[in-house]
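User: Please examine the model shown here and discuss its sheet and its nonpolar cores.

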Amino acid sequence: HPPPVATDREEQKRLLGNRPDQPQQPKVLRVAIIGAPNAGKSTLSNQLLGRKVFPVSRKVHTTRCKARGVITHQDTQLIILDTPGLTNPLKAKRHNLDEAMLTDPWDSMKHADLVLVLVDVSDQWTRNSLSKEVLRCLSQFPHIPSVLVLNKVDILKKKILLLEIATELTEGIVNGKKLEVKSALKKDSSSSAKSPLQVKVPGSPFGQEKNQAQQGSGWDKSSDVGGAGTGEGPKHHGPEDVKDVKGWPHFQEIFMLAALHGEEVDTLKRYLLMQAKPGPWEFHSDVLTNQSPQEICDNIIREKVLEYLPLEVPYGVTQVTEMWEEGECGELLIVQSLLVPRESHKRMLIGRGGKVISRIAQEASQDLMNAFLCDVRLKLKVEVK
């Protein structure tokens, strides 16, 4: 079971300062998860960790900073770098985003041993090409092995589309081999079987052929593309080169999953553990995240505010923690003020008969109990700043 997060700031600081209790031959892997805003990066991070420590919302830019999640399994430590969605200066300005929102994903790439590129296949407008920001990121760091993760496959009615999407996003090349798709689909292409399809990648223990479709014939051996395995990176794309590019031909693997329901997340986790290389651990095995308890609390409350308020309104809410202490029975007592710029926003946030604000408090305390593994009493106040 993953460890809980300490509820006390000093305790968490002490844990983070502890020397890693690593075994004789430790292994480590730093994983950056990148993708367009709202692809499901934080949901996937939480599922991999087994506890909710990153905020999740249908609204874009819920993740505001780069935080780390830590998975310690036997002799291996995976460090998950949950990054803000890759965005451009224009959108950043519109959502009143910090400068760091533009630089953090790039910073995470610098420290990564492996990058997961997450694509939301349920979005028909964006699923057939990687975003320009993602392509720029990949072309800037071509030496870092990358894996394509198709998310939200459970929402896709026609599973046959997954083969098309996978081919377009990889430019028909995976693991340095040419991809020739020969589908063996049943007549009823709209059948939605429970198990998501996974592409067969040659030379990989993870290519599983599901009954939905098959892949893996006619691999062109002569088309090896330089990658991490060969010690030389693929040809570097300059920023101007990504204008007409839709996919990335240097992915080593393709995974298809539904992060929200945890489908196939364990398969991805096993793969990540297998990719770890000998090296010292960064954290003690009792550490689940490098965030302070207050940061986790702020993020989770903000997630709910984003979820329940319309359009741009939640982006103007300021949070102030007024009380954080342990009660008589070991429960955590938190009082937080939510400051809004207008009276109308205050009315929206409180809701008729206080319904909205009490729902936010109730859901946030549930999530905080999951992170801290203790009873949480949360009180929220709304004021006009």
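The following exchange treats the sheet, then the cores.

Analyst: This is a predicted model, in which local features need pLDDT of at least 70 and side-chain atom pairs count only at pLDDT 80 or more, while totals for chains, interfaces and linings use all residues. Residues are numbered from 1 along each chain as its sequence is written, and side-chain values use heavy atoms, with hydrogens and water left out.

User: Which strands stand at the edges of the open sheet of 3 strands?

Analyst: The sheet has mixed pairing and the order S10-S11-S12; strands are DSSP runs of E, at least two residues, and helices runs of H or I, at least four, numbered from the N terminus. Two strands pair if DSSP finds at least two bridges between them. Each edge strand has a single partner, so one side of each lacks a neighbour in the sheet: these are S10 (318-326) and S12 (376-384).

User: How many bridges join S10 to S11?

Analyst: Strand S11 spans residues 332-340 and runs antiparallel to S10. Trp324 stands opposite Ile334 in S11. The number of bridges joining S10 to S11 is 8.

User: Where does the largest nonpolar core lie with respect to domain 1 and domain 2?

Analyst: A nonpolar core is a set of buried (under 20% relative accessible area, 1.4 Å probe, protein chains only) Ala, Val, Leu, Ile, Met, Phe, Trp, Tyr and Cys residues joined through side-chain atoms within 4.5 Å. Of its 54 residues, Leu44, Leu116, Leu272 and Leu349 touch the most other members. The largest share, 7 residues, comes from H10. Domain 1 (9-183 + 245-278) and domain 2 (293-384), with bounds from an automatic or database domain assignment, both contribute residues, so the core lies between them.

Notes. Buried means under 20% relative accessible area, exposed over 50%, partly exposed in between (1.4 Å probe, protein chains only).
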